[in-house]
Amino acid sequence: MAETIAPDEQAIQKAAQTLAAGQLVAIPTETVYGLAADATNGDAVAGIFEAKGRPHFNPLICHVSDIAMAERYAVIDPLSRKLMDAFWPGPLTLVLPLRPDTHIHPLVAAGLDTVALRMPRGIAGKIIAALGHPLAAPSANTSGRISGTSAQAVADDLGSKIALILDAGPSEVGLESTIVKVDGDAVLLLRPGGLAAEDIEALIGQSLRRMDQRAAIEAPGMMASHYAPAAGVRLNAHEVRDGEALLAFGPDRAADAHRASACLNLSETGNLREAATNLFDYMKRLDRLGGAVIAVEPIPFTGLGEAINDRLVRAAAPRVPPIEELEQIK
Ligand code: TXA
Ligand code: MG
């Protein structure tokens with residue numbers, strides 16, 4: 001069972017140590033409680049998906065202690081910088097290009113080349129500063145349940161799955177952060193949330209561009225902009241065909257594995273958590289090696305296997321144009 005502690009100096013150190021050891025900590029933020037892991041530790045981030053029981057990998061928000069930390073991981077354009085200066089710390093998340101030398105683990109961004117960053121108010125910032133790394137943190141609740149806005153709610157829902165809960169009382173805002181992305185001179189509203197759109201519009205002197213409703217419901221991580229390999233993807237491969245690269249799993253190989261133009265094994269021992277950690281990186285690497293098709297060995301659907309299979313099915317699906325293009329076709 002998770003230990004619940006008051007948010008004093010000692011708690012900050014204890015939380016930072018627990019996170020540095022790769023464990024999960026529920027931390028208070030002004031919006032909702034976050035289920036946090038060190039964003040540079042893939043195994044710890046996989047643990048978030050495991051604890052939440054998420055059936056798919058959507059990209060997670062990364063929390064930083066200040067703008068200088070954001071600059072170490074992402075490329076910040078002047079308009080995004082202006083929004084940070086005005087609203088950080090606070091309930092505003094900005095989607096930004098990842099720096100090529102970023103140390104944020106690919107599982108955090110679900111293989112995208114952008115990352116959602118925010119600087120929370122309160123004790124969370126002190127924990128991040130003490131750790132020295134950003135924290136990946138979705139809302140602290142089981143997938144499909146409502147977001148945890150008190151330590152008790154988090155303990156009731158996730159207490160058996162996490163190490164530590166910091167109790168700073170009920171969340172001030174009680175609603176997730178507003179997510180925006182700067183696109184040229186425009187600012188896209190990706191998710192309405194705890195910071196009113198009007199407040200942003202007053203600062204930038206223009207209206208936010210609303211996402212198409214259907215697109216908004218699909219969630220940004222599921223859209224066509226999402227990383228999909230250039231290569232075709234063939235799932236449940238029991239044999240390797242000519243010209244295919246092989247994404248392997250576990251100790252046993254598909255027939256004719258020696259024919260593969262390249263082979264990477266998600267987990268030699270068949271550990272699904274390790275496989276989740278390697279998934280996006282290995283797909284990209286096999287794609288870069290240039291095979292026409294990536295054959296994927298069967299992966300069980302238990303535990304994180306469901307999310308791994310969900311992502312692979314999306315990668316294998318026929319490509320469709322983004323919704324804006326569909327609308328123009330008519
Ligand atoms: O208030 C909040 O934002 C809370 C607290 C804990 O900070 N966090 C939160 O995080 O709601 P999370 O990870 O559940 O938010 C994920 C949302 C999803 O809608 C996802 O699609 C979007 O952020 N997102 C994350 N990375 C993205 C990216 N690179 N591009 C577009 N959307 C992204
Ligand atoms: Mg949530």
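Strand S10 and strand S11 (residues 209–210) run parallel and are joined by two bridges, and the bridge partner of Leu189 in S11 is Arg210. This is a predicted model, and the description below starts from strand S10, moves out to the sheet of 11 strands and the helices that pack on it, and then turns to a sheet of four strands.

**Strand S10 and its neighbours**

- Strand S10 covers residues 186–191, and five of its six residues are buried, so this strand is largely enclosed by the rest of the structure.
- Strand S9 (residues 178–183) pairs with S10 in the antiparallel sense, over five bridges, and within this pairing Lys181 stands opposite Leu188 of S10.
- The hairpin formed by S9 and S10 has two residues between the strands, and in this hairpin Gly184 takes a positive phi near 65°.
- Together with helix H7 (residues 197–204), strands S10 and S11 make a β-α-β unit, which is right-handed.

**The sheet of 11 strands**

- Strands S9, S10 and S11 belong to an open sheet of 11 strands with mixed pairing, in which the order is S1-S8-S2-S3-S7-S4-S6-S5-S9-S10-S11.
- The edges of this sheet are formed by strand S1 (3–5) and by S11, each of which pairs on one side only.
- Helix H6 (residues 151–158) packs on the sheet, where it touches S1, S2, S3 and S8, and its direction makes about 160° with that of S8.
- Helix H1 (residues 9–20) lies across S1, strand S2 (25–27), strand S3 (34–38), strand S7 (135–136) and strand S8 (164–166), and H1 runs at about 145° to S8.

**Helices H4 and H7, and the loop after H4**

- Helix H4 (residues 78–87) meets H7, the helix of the β-α-β unit, in such a way that the axes of H4 and H7 come within 11 Å and cross at roughly 120°.
- That angle makes H4 oblique to H7, and the crossing of the two helices is right-handed.
- On the H4 side, the residues in contact are Leu79, Lys82, Leu83, Ala86 and Phe87, which meet Asp199, Ile200, Leu203 and Ile204 in H7.
- An α-helix has 3.6 residues a turn, so residues three or four places apart point the same way.
- The loop between H4 and strand S5 (92–97) is the place of Pro89, and the peptide bond leading from Trp88 to Pro89 is cis, with omega near -10°.

**Helix H5**

- The buried residues of helix H5 (residues 123–131) are Ile123, Ala124, Gly125, Ile127, Ile128 and Leu131.
- After H5 comes Gly132, which has a positive phi, near 85°.

**The sheet of four strands**

- A further open sheet has four strands with parallel pairing, and the order in this sheet is S12-S15-S13-S14.
- Strand S12 (232–234) and strand S14 (263–265) stand at the edges with a single partner strand each, so one side of each is left without a neighbour in the sheet.
- Neighbouring strands of this sheet are turned against each other by 20° on average, when direction is ignored.
- Strand S12 runs parallel to strand S15 (residues 293–296), to which three bridges join S12, and in S15 the bridge partner of Arg234 is Ala295.
- Helix H9 (residues 272–288) lies across strand S13 (244–248), S14 and S15, and the helix runs at about 165° to S13.

**Loops on either side of S13**

- In the loop between S12 and S13 lies Asn236, a residue other than glycine whose phi is nevertheless positive, near 60°.
- With a relative accessibility of 49%, Asn236 counts as partly exposed.
- In the loop between S13 and S14 lies Asp256, which is likewise a residue other than glycine with a positive phi, near 60°.
- With a relative accessibility of 34%, Asp256 also counts as partly exposed.

Conventions
Residues numbered from 1 in each chain as written. Chains lettered and ligands numbered in written order. Predicted model: local features only at pLDDT ≥ 70, side-chain atom pairs only at ≥ 80, totals over all residues. Heavy atoms only, no water. Pairing = 2+ DSSP bridges. Axes fitted to C-alpha atoms, helices over the stretch in contact; angles between N-to-C directions. Contact = heavy atoms within 4.5 Å. Buried < 20%, exposed > 50% of the residue type's maximum accessible area, 1.4 Å probe, protein only. Right-handed = clockwise from strand over helix to strand, strands pointing away. Parallel < 35°, antiparallel > 145°, perpendicular 65-115°, else oblique. Left-handed = near helix turned anticlockwise from the far one by under 90°.
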